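This report looks at a ligand and the space around it. Please keep the sequence and the 3D view at hand while reading.

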Amino acid sequence: MDVYASLADMVGNTPLVRLNRITAGLSVPVYAKLEYVNPGGSVKDRIALSMVRAAEDAGLLRPGGTIVETTSGNTGVGLAMVAAQRGYRCVFTLPEKSSAEKVAVLRAYGAEVVVCPGDVPREHPDHPRAAAERIARTTPGAWLADQYNNPANPRAHRGSTGPELWRQTEGRITHLVSGVGTGGTISGTGGYLKEVSEGRVQVIGADPEASVYSGGPGTAYAVESIGLFRHPETVDDSWPQSFHTDVVDRFERISDRDSLVTARRLAREEGLLVGASAGTAVAAALRVAVGLGPDDLVVVVIPDSGRNYLSKVFDDGWLREQIGDDTTVGGA
Ligand code: PMP
């Protein structure tokens, strides 16, 4: 029979599709890696599976245990999906700016969700990561997934996303463009591709302009799940261990306007309904593509679907609040 034994077997092996209209005028092919095709709907299914398996192997997660994590939603969905199959309980802490759809989806999977203020320093007990650490400490049988510092996060991409791209492009990929949240995607995928290509593949981080990763001030921005925002009173300024900075050759810094407008254009011009961070990544990829030729090949990672953001990116009122005037973007 042509069947899967479980959802876990469906994670990964996502399609790579050429962008055809938004790339008008460019001579380099640009391909989008559609991570929303994963069974939980995002790139994060890969690391959820890899982190849970590693925790089980290490004896950190046992039958009846509780998975705790700070998640912008997608890691939570991946973990909740795996947990539902294996009988674990889930408790997730989320920053306030997470979209309503993401919170509702986590609850639908049976997870407990704690919404935390987004504007307190890392040291504050109500900060999402501090709250998750406290819940993990005080709940018997709890395991903190800690995607920001868990080596099984970049390892998932080194072992799957990277080899998939090399195989799918028959070794012709020359540029990888990805957003950086925990850094797992870019570090694992980029690290593998650099190694297998003997340094030929260039790795470009797509970062919100205000994000600390690419030298910004760390002030607020609208795009979720990528970049590093820093509260002015934060003392701990360490970057996640999941982010291997030496893998990134350079950053493209993208404004909220460019990210959001590009996400909207992808829906209307390519038929790709994608999230805000995919807008950031594609805006960066289009900049990278300028000056490249037909012998180059750009791949951009699309982390999740626009269905997670109908009340934000694809809501005219919300968009107007973020970028002012023009909500007719991408009306082609
Ligand atoms: N975009 C979205 C929508 C995400 O959920 C995430 C992960 N939080 C990212 C981008 C960033 O991926 P990574 O954590 O692997 O850097």
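What follows covers the cavities, the ligand shell and the polar contacts of this predicted model.

## Cavities

The structure holds 2 cavities of 30 Å³ or more. The volume of the largest cavity is about 210 Å³. Its lining consists of 19 residues. Nearest the centre of the largest cavity are Val43, Lys44, Ser225, Ile226 and Pro303.

Where does the ligand sit? The ligand occupies the largest cavity.

## The shell around the ligand

The ligand has 15 residues around it. Lys44, Gly181, Thr182, Thr185 and Ser277 come nearest. Lys44 thus appears twice: among the residues nearest the ligand, and among those nearest the centre of the largest cavity.

By class, the shell has 9 polar, 4 nonpolar and 2 charged residues. Two domains contribute to the shell. Domain 1 (7-37 + 159-322) supplies at least three residues, and domain 2 (44-144) also supplies at least three.

## Polar contacts and burial

Which side chains place a polar atom by a ligand oxygen? Thr182 has a polar side-chain atom 2.6 Å from an oxygen atom of the ligand. For Thr185, an N or O atom of the side chain lies 2.6 Å from a ligand oxygen. Asn74 takes part as well: a side-chain N or O atom is 2.8 Å from an oxygen atom of the ligand. Thr182 and Thr185 are also among the residues that come nearest the ligand.

How much of the ligand does the protein bury? Taken alone, the ligand exposes 390 Å². The protein buries 97% of that area.

Terms used:
Residues are numbered from 1 along each chain as its sequence is written. This is a predicted model: local features need pLDDT of at least 70, side-chain atom pairs count only at pLDDT 80 or more; totals for chains, interfaces and linings use all residues. Side-chain values use heavy atoms; hydrogens and water are left out. A residue is near a molecule or strand if one of its heavy atoms lies within 4 Å of it. A polar contact is a pair of N or O atoms within 3.5 Å; within protein, one must be able to donate a hydrogen and the other to accept it, and residues adjacent in sequence count only if both atoms are side-chain atoms. Accessible areas come from the Shrake-Rupley method with a 1.4 Å probe; for residues, only the protein chains shown count as cover. On a 1 Å grid over the protein atoms alone, a cavity is a set of points where a 1.4 Å probe fits but cannot get out, and a pocket is an open set with protein on both sides within 12 Å along at least five of seven lines; lining residues have an atom within 4 Å of a point. A molecule sits in a cavity or pocket if more than half of its atoms lie within 2 Å of its grid points. Ala, Val, Leu, Ile, Met, Phe, Trp, Tyr, Cys and Pro count as nonpolar, Asp, Glu, Lys and Arg as charged, and the others, Gly among them, as polar. Domain bounds come from an automatic or database domain assignment. Grid points are joined across faces, edges and corners, and a volume is the space filled by probe spheres set on the points.
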